[in-house]
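Biologist: Please take a close look at a single part of this model and set it in its surroundings. I should like one connected account.

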Amino acid sequence: MLLVKEPIINNLFPTPIYMTNMDRPFTKQELQFVNKQKNHCTKNDGNVSSIDNYILNRKELKNIKKFLDEACKDYLKKIICPKNNIELYITQSWLNYTETNQYHHRHEHPNSIVSGVLYFDSDKDNDKIKFFSNIKYQQIKPEIDDTKYNIWNSTSWWFPVETGQLVMFPSSTTHQVDVKKGTNTRISLAFNTFYKGTIGSNSNLTELIL
């Protein structure tokens with residue numbers, strides 16, 4: 001009987017899900033501001049979001065903004081690795097509030113390069129962020145053993161999230177929050193980004209000055 005040697009399985013063109021944590025707890029002032037904004041919200045599909053969708057421009061969150069700016073620099077340096085001197089800067093930003101039995105609909109973030117979510121209140125035993133494959137249709141689809149799902153045979157994947165955690169990902173990545181369990185109000189700050197500087201190449205006729 002011929003035996004197959006242990007194979008090497010490579011991941012080709014994977015989707016980066018960048019995760020890190022703040023190096024300090026949120027201040028009392030930051031939490032008071034975030035909790036107060038719940039009184040100034042608009043209804044979303046499944047939960048509510050702050051009316052102010054440039055929330056990081058508020059002085060109460062200036063130190064949070066500095067942390068997120070550094071994370072954007074780190075994402076750009078480690079994942080995108082541009083040849084030109086460009087910046088990944090935050091455009092819109094807003095707060096989301098999800099109560100028990102609420103959810104956050106499946107969506108992407110158009111007109112953005114990288115999107116992120118910072119969690120102000122999250123129960124790691126119940127709260128998750130769920131991502132979906134960009135493969136919209138599979139002509140041939142065998143049933144998968146429920147105990148053997150992996151990154152190659154799955155069409156969705158979720159990660160537990162906790163207070164103080166930051167998650168960043170390509171804005172085209174489809175994601176959602178399933179129906180909220182637990183008793184806490186899940187509070188998150190979401191943001192979009194775009195490039196500033198010159199991307200592409202002048203000689204290759206792909207130059208874009210932003």
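Modeller: Helices (H or I, at least four residues) and strands (E, at least two) are taken here as DSSP runs, numbered from the N terminus. The model is predicted, so local features need pLDDT of at least 70 and side-chain atom pairs count only at pLDDT 80 or more, whereas totals for chains, interfaces and linings use all residues. Residues are numbered from 1 along each chain as its sequence is written, and side-chain values use heavy atoms, with hydrogens and water left out.

The part chosen is helix α2, which covers residues 62-80. The protein chain around this helix contains 2 helices and 13 strands, and its C-alpha trace spans about 70 × 55 × 30 Å along the principal axes. Of its 210 residues, 36% are buried (under 20% relative accessible area with a 1.4 Å probe, protein chains only; exposed means over 50%, and partly exposed lies in between). Contacts (heavy atoms within 4.5 Å) link distant parts of the sequence: among those between residues at least 6 apart, 85% join residues at least 24 apart.

The length of α2 can be checked first. The expected span of a helix is 1.5 Å times one less than its number of residues. For the 19 residues of α2 this gives 27 Å, and the end C-alpha atoms are 26 Å apart, which agrees.

One set of side chains in α2 is covered: Ile64, Phe67, Leu68, Ala71, Cys72, Tyr75 and Leu76 are buried. An α-helix has 3.6 residues a turn, so residues three or four places apart point the same way. The buried residues of α2 pack against helix α1 and against strands β1 (18-21), β4, β6, β9 and β11.

This packing leads to the nonpolar core, defined as a set of buried Ala, Val, Leu, Ile, Met, Phe, Trp, Tyr and Cys residues joined through side-chain atoms within 4.5 Å. The largest such core has 29 residues, and Leu61, Ile64, Leu68, Leu118, Phe120, Met168 and Leu189 have the most contacts inside it. Two or more residues are given to this core by each of α1 (28-36), α2 (62-80), β4 (87-98), β6 (114-121), β9 (165-170) and β11 (186-196). Helix α2 supplies the largest share, 7 residues. A second, separate core of 7 residues includes Val117, Ile129, Phe131 and Val167.

Leu61 deserves separate mention. Leaving aside its neighbours within four places in sequence, Leu61 is in contact with Phe33, Val34, Ile55, Leu56, Phe120 and Leu189.

The chain that follows the helix can now be traced. Just after α2, Cys81 takes a positive phi of about 55°. Asn85 then lies in the loop between α2 and β4, and counts as exposed at 77% relative accessibility. The C-alpha atoms of Asn85 and Asn153 are separated by 38 Å, with these positions 68 residues apart along the chain.

Strand β11, one of the partners of α2, also holds Asn192. In contrast to Asn85, which is exposed, Asn192 counts as buried at 8% relative accessibility. Beyond residues up to four places away in sequence, Asn192 touches Tyr89, Ile90, Thr91, Gln92, Trp94, His109, Ser112, Val114 and Ser115.
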